[in-house]
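This report describes the fold, the enclosed space and the charged pairs of one protein model. Please consult the sequence and coordinates shown here while reading.

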Amino acid sequence: MKLLKLTIFTLLLCISLVTSAQEVTVATPNKYTSIHELAQSFSVTHNLQFSYDVERMQKSYILTPELTLSFSSFKELLKSIQVDLEEEDSDNYLLIQTSNEISYCAILRDKNTSFEIPDVLVMQGDNYLGTTDISGQINLEIMPGALITLSYTGYTTQNVIVTQKENCELFLLENNVQELDEIVLTNYLTRGIVKNKNSSLTVSPKALAILPGLVEPDIFQSLQLIPGISSPEEDPGALHIRGGTPDQNLILWDGIKMYQNSHFFNQISSFNPYITKKVNVYRGGTSVRYGDRISGVIDMQSDDDLFNGFKAGLGVNLLGGDAYLKIPISKKLGLLVAGRRSLTDLYESFTFNSLSSKVFQNSRVNASSSRAESGLNYFFSDYNIKLSYKPKEDHSYSWSFISVENQLKNISKRSENGIEEEAEDRLKRINPGGSFTWRREKQGFTTKQFQLYLSNYLSDYTFNNKITNTNTSENTSEEVQRENIVTELGYDLFYDIPFGKKHHVLLGHQTVITAVDNFVSNIQRDSNGVEEIPISNPLFGESNFGTKVGLIAYGEYRFHSEHVLFSAGVRTDYNNLSEQAITEPRIYSTVKVNNNLRLTGSLERKNQSFSQISTPEISGEGSSFFNSLSTVNRFWSDQSFAGDFFAPWVIQKSDQFTLGALYDKNGWSFELESYYKRINNTIPISDTFLTSIYFIENRDLLTTGKAKRFGIDLLVKKQILDYRVWMSYSFGKNNVKYEDLQSEYFPEVFDQRHRFNISQTYKYKRFEFALGWTYGSGLPSNKLSSGTINEINNIKANNLFYSKRLPDYHRLDLSSLYHFESEGRWNSKIGFSIRNLYNRKQLLQQTYSIVQDDNNNRTIKEVSNRTLGFTADLVFRISF
């Protein structure tokens, strides 16, 4: 019996020894551990020797969910990444990678909504691999076992070990709002728009979900769904941000200050959304880096995913087409080439005719009768080239070029009682620009950036009018030319210095050189020869005040923690023309009260030295044929008007205050923000009624005024799975006072007191749908009958400027998209949109022109402008 017990004990001991020899284990402190680390661990703890390619095995990982890993499990995990473990003897092993690179495909979706997520950054360590396309897919040629990182703003970063799969591997990314330093709310309105802690909004045009009335993600029109951003004139390219006018917004493309921001006279944004990485929008709380404008900031950055794989896309709609190419020249050098062009000079689609009827209403282009004919030739284009070089992960260089162009030619003819007339309008507007950017950025270290840019804007307009009297064979002609040129060269150098994890100091310097030239001529020819007619009003004559050189220094302190973000800074601008240093202090703070509620507030001062002037239209009495093209009557000016009337320079100054709250819980989001702006030295040059008064009074002196702007913006949003609905309401009160016109404040021409929008989107399989209804209260207008000087003087005396309101208006927009099933790298979609579905053309705005009779007597005439009618568009796009 003792012998039997001893035998059993001996057998059990042997079995345990054998088992322990086969199931040796090592500690695995990391969830993702490289083969090299594991091999070293087994070598140290159990005297096992491994032979392998060290560099390759350092980049091959396995998933180790347990705290320890047995040797037998190690063998099985190696097979999943196609690594064989060959035993040479009991203590020596050979690790062999059985395959080279494999084709790996991944699709990224939002875990809550199942929406595809474009532009997800895919990295392998410090190596950039690429980004997901518009369908959320990325295709890689990569070694099995590689550890890649998937990251996107507003989502939790996810690590993935590459293994061989028959189909694309699906990953669902989770929102990670609370842990992000910069993000407050993802999907602010819809997918592709996030709200940041510093109160700015970041829009990713390619990631935008479908929006009402938009078949393609037009950048500026998309922004109008954000509370506080609108266009009272219903022009997508003319953005009013919290009471500011379009020329008071700072528009940047890759650091280039742009002066031409739209196509088709404000109907289409002039920036290509398919090559735009992101758009940072400031309605308030602006950083000290931005200056020279007193309203909002729209800072656009083009794509930089140019190093991994050739990419291309093209699309067509009822106005034109576009295409882009992303060409990786090497792993560190990439090229982007893109272009858009209308085909409106080749054919006139329904969409073009509908937009034309709005743009050219009350002008020669729309003049039609049995005795008159009109011929319009118009096209627009924009082109982009970008070269990116990234020698190291924390170093980047880029060269960016953009050119925006619009050209119009219109010939109008009429014949009556032996008098033949022919009027020709020619307009060319172009804004080329270029920038160079060097940036060094590494987490935990000082970020450095140097940016140099050049922008050159040209508006060249010529009007020729020929009159032939067939009864007397007499010929007369008139040629009017207006040329507006803005040339700007500048650079920006800044250092963003971290002190610990919560403190940052931003220090920067800018130099901006700006020259604005205006040239106007009027030449008349008849049988007696040529006569140059002097400009009858100095306000609208030539202007060449000189070149402004601005030297700017700025600094900002930022403190940020989980619950508080506070920034305080100052921007100082000294220029050679005003010969004074202008200081702009700015303060912003946001406080996280709890997980659902956040409060924000800001104080800031801004200044502006250049504006756009609206000159009055001049027409012959009783004839629409002579009406000038209102679309060409705006030009940039240095606010000096030849320098004789202001001493020495007019600078608009704005003090601004904002206060708001954001509440987010269970798919509901509520945002309420209020603002107040007080502007000194405002200039009455963007209002055709006021400029018409100055014209008929033949003034040679302008007095500046004061403006007050107050408003409240409200947003309510709810998301239920694939359905989103949001409601926005804006109240605004914009008043101005000019002592030489009226002693009391009166509404500004764009003063729209109430604006309401309700929009909803829904995704069903491969379909996307959007429906939106917009309501706007009527804009102010004047009570005019005769429009004579006597009537104007009566309006002044009784404080009746803009004392009545036009009717309210509303419209319904819809759009739909269908995404075809992806075939490999090929993606395509087709869609349509309709604006003003029920074709309700309403009185939108009253502008004013000057009627001049044969005796040169002038009166002011009201001109009624109506909304855009039923307008449909189609799109087809393909990318690979």
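In which strand does Gln301 lie? Gln301 belongs to strand β25, which covers residues 297-302. The model is a predicted one, and the statements below are to be read accordingly.

**Gln301 and its surroundings**

With a relative accessibility of 28%, Gln301 is classed as partly exposed. Leaving aside residues up to four places away in sequence, Gln301 touches Asp254, Thr276, Lys277, Lys278 and Asn280. Asp254 is 47 residues from Gln301 along the chain, yet their C-alpha atoms are separated by 5.0 Å.

Asp254 sits in the loop between β20 (250-253) and β21 (256-257). Asp254 is not a glycine, but its phi is positive, at about 50°. Its relative accessible area of 10% places Asp254 among the buried residues, because buried means under 20%. A positive phi also occurs at Phe264, another residue other than glycine, where the value is near 55°. Phe264 is part of the loop between β22 (262-263) and β23, and Phe264 is buried, at 0% relative accessibility.

**Overall architecture**

The protein contains 8 helices and 56 strands. It has 880 residues, 54% of which count as buried. Among contacts with a separation of 6 or more, 66% are between residues 24 or more positions apart. The accessible surface amounts to about 37800 Å², and carbon and sulfur atoms contribute 54% of that surface.

Helix α6, formed by residues 350-359, is mostly covered, with 7 of its 10 residues buried. The buried positions are Thr351, Phe352, Ser354, Leu355, Ser356, Lys358 and Val359. In general, an α-helix has 3.6 residues a turn, so residues three or four places apart point the same way.

**The second largest cavity**

Where is the enclosed space, and what surrounds it? The whole structure holds 15 cavities of 30 Å³ or more. The second largest cavity encloses about 420 Å³. Its lining consists of 30 residues, and those closest to the centre are Glu216, Asp218, Ile268, Asn317 and Asp873.

Several elements each supply at least two residues of this lining: the helices α5 (219-223) and α6, together with the strands β23 (268-269), β26 (311-317), β27 (320-328), β28 (333-342), β53 (827-835) and β56 (871-879). Helix α6, mostly covered as noted above, is thus also one of the elements that supply the lining. By class, the lining comprises 11 nonpolar, 12 polar and 7 charged residues.

**Salt bridges**

The structure has 41 salt bridges. Side chains of opposite charge can pair when their charged atoms come close. Three of the pairs are listed below.

| Pair | Closest N to O separation |
|---|---|
| Arg877 and Glu216 | 3.5 Å |
| Arg558 and Glu556 | 4.0 Å |
| Lys737 and Glu739 | 3.6 Å |

The pair of Arg877 and Glu216 links distant parts of the chain, for Arg877 is in strand β56 and Glu216 is in the loop between β17 (201-203) and α5, 661 residues apart. Both partners are covered: Arg877 is buried at a relative accessible area of 6%, and Glu216 is buried at 15%. Glu216 is, in addition, one of the residues closest to the centre of the second largest cavity, and β56, the strand of Arg877, supplies at least two residues of the lining.

How does the burial of the partners stand in the other two pairs? In the pair of Arg558 and Glu556, Arg558 is buried with a relative accessible area of 18%, and Glu556 is likewise buried, at 9%. In the pair of Lys737 and Glu739, Lys737 is buried, with a relative accessible area of 18%, whereas Glu739 is exposed, at 56%. Elsewhere, salt bridges that share partners connect Lys195, Arg242, Arg283, Glu671, Glu673 and Asp713 in one network.

Conventions: Residues numbered from 1 in each chain as written. Predicted model: local features only at pLDDT ≥ 70, side-chain atom pairs only at ≥ 80, totals over all residues. Heavy atoms only, no water. Helix = DSSP H or I, 4+ residues; strand = E, 2+ residues; numbered from the N terminus. Buried < 20%, exposed > 50% of the residue type's maximum accessible area, 1.4 Å probe, protein only. Contact = heavy atoms within 4.5 Å. Areas by Shrake-Rupley, 256 points an atom, 1.4 Å probe, with all protein chains shown as cover. 1 Å grid on protein atoms, 1.4 Å probe; cavity = no way out; pocket = protein on both sides within 12 Å on 5 of 7 lines; lining within 4 Å. Points joined across faces, edges and corners; volume = space filled by probe spheres on them. Nonpolar A, V, L, I, M, F, W, Y, C, P; charged D, E, K, R; others polar. Salt bridge = Lys/Arg side-chain N within 4 Å of Asp/Glu carboxyl O.
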